[in-house]
Amino acid sequence: MDERGLPVRFLLSPGQASDKAAAPALLDGLPASRALVGDRGYDWQYLVDFVAARGGQAHIPTQRDRKAQRTVDPVLYRKRNLIERFFNRIKHFRRIATRFDKLARNFLAAVAIASIRIWLRTYESRT
């Protein structure tokens, strides 16, 4: 997602795999950014180091069971709701919300079409 909550890249991961395992592949190839915001599910030292090596800072709270807790800027962390709002918008497309497609390529194509429509709504004329 960019700073406006619009998708810039997406990747389909296996249903039984953790999303954080796909994060480095998703970030690779994108221009380096100053900040990466994620929830506790993305607390993975490799991901934090990956972002730091690219010149950014990961704003990801640590799991509660860790001894060393990372601090997260609360103002920046609140912007994570843009991601949640995108997922809410994309689930308005019935085909995606119900996971109607059985093939991964068809589901990914439906997500791409829904993302394009969300981009177009952002830039359409209001007059």
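Visitor: How many of the 127 residues of the protein count as buried, as a percentage?
Guide: Of the 127 residues, 26% count as buried. That word means under 20% relative accessible area, while exposed means over 50% and partly exposed anything in between (1.4 Å probe, protein chains only). Please keep in mind that this is a predicted model, where local features need pLDDT of at least 70, side-chain atom pairs count only at pLDDT 80 or more, and totals for chains, interfaces and linings use all residues. Residues are numbered from 1 along each chain as its sequence is written, and side-chain values use heavy atoms, with hydrogens and water left out.

Visitor: How do you know how many helices and strands there are in the protein?
Guide: They are DSSP runs numbered from the N terminus: H or I over at least four residues for a helix, E over at least two for a strand. The protein has six helices and two strands, and along the sequence they follow the pattern α-β-α-β-α-α-α-α. The C-alpha trace spans about 45 × 40 × 25 Å along its principal axes.

Visitor: Let's zoom in. Why is Thr62 called buried?
Guide: Its relative accessible area is 1%, and that is under the 20% limit, so Thr62 is buried. You will find Thr62 in the loop between β2 (57-59) and α3 (74-77).

Visitor: What does Thr62 touch, not counting residues up to four places away in sequence?
Guide: Thr62 touches Arg40, Asp43, Ala68, Gln69 and Arg70. Such a contact means heavy atoms within 4.5 Å.

Visitor: What makes a polar contact with the side chain of Thr62?
Guide: The side chain of Gln69 does, at 2.4 Å. A polar contact is a pair of N or O atoms within 3.5 Å; within protein, one atom must be able to donate a hydrogen and the other to accept it, and residues adjacent in sequence count only if both atoms are side-chain atoms. The 2.4 Å of Thr62 and Gln69 falls within that limit, so the pair qualifies.

Visitor: Why does Asp43 count as buried?
Guide: Asp43 has 2% relative accessibility, which is under 20%, so Asp43 is buried. Apart from neighbours within four places in sequence, its contacts include Lys20, Ile60, Pro61 and Thr62.

Visitor: What makes the meeting of the side chains of Asp43 and Arg70 a salt bridge?
Guide: The term asks for a side-chain nitrogen of Lys or Arg within 4 Å of a carboxyl oxygen of Asp or Glu. Asp43 and Arg70 meet at 2.7 Å, N to O, so they fit. Asp43 lies in the loop between β1 and α2 and Arg70 in the loop between β2 and α3, so the pair ties together parts 27 residues apart in sequence. Arg70 counts as partly exposed, at 24% relative accessibility.

Visitor: How many salt bridges does a search of the whole structure find?
Guide: It finds five. One of them joins Arg80 and Asp39, with the closest N and O atoms 3.9 Å apart. Arg80 sits in the loop between α3 and α4 (81-90) and Asp39 in the loop between β1 (35-37) and α2, so this pair ties together parts 41 residues apart in sequence.

Visitor: Which residues do salt bridges that share partners join into one network?
Guide: Arg80 also meets Glu84 in a salt bridge, at 3.0 Å from N to O. Glu84 is partly exposed, with a relative accessible area of 43%. Shared partners thus join Asp39, Arg80 and Glu84 into one network.

Visitor: Why is Leu12 called partly exposed?
Guide: Its 34% relative accessible area lies between 20% and 50%, so Leu12 is partly exposed. Leu12 lies in the segment before α1, and together with Phe10 and Leu108 forms a nonpolar patch on the surface with about 210 Å² of accessible area. Those areas come from the Shrake-Rupley method with a 1.4 Å probe, and for residues only the protein chains shown count as cover.

Visitor: Which residues are buried in helix α1 (residues 19-27)?
Guide: Ala22, Ala23 and Pro24 are buried there. The buried residues of α1 pack against α2 (45-53). Just after α1, Gly29 takes a positive phi of about 100 degrees.

Technical notes
Patches are made of residues with over 30% relative accessible area and no salt bridge: like charges are joined within 9 Å, nonpolar side chains (Val, Leu, Ile, Met, Phe, Trp, Tyr) within 5 Å.
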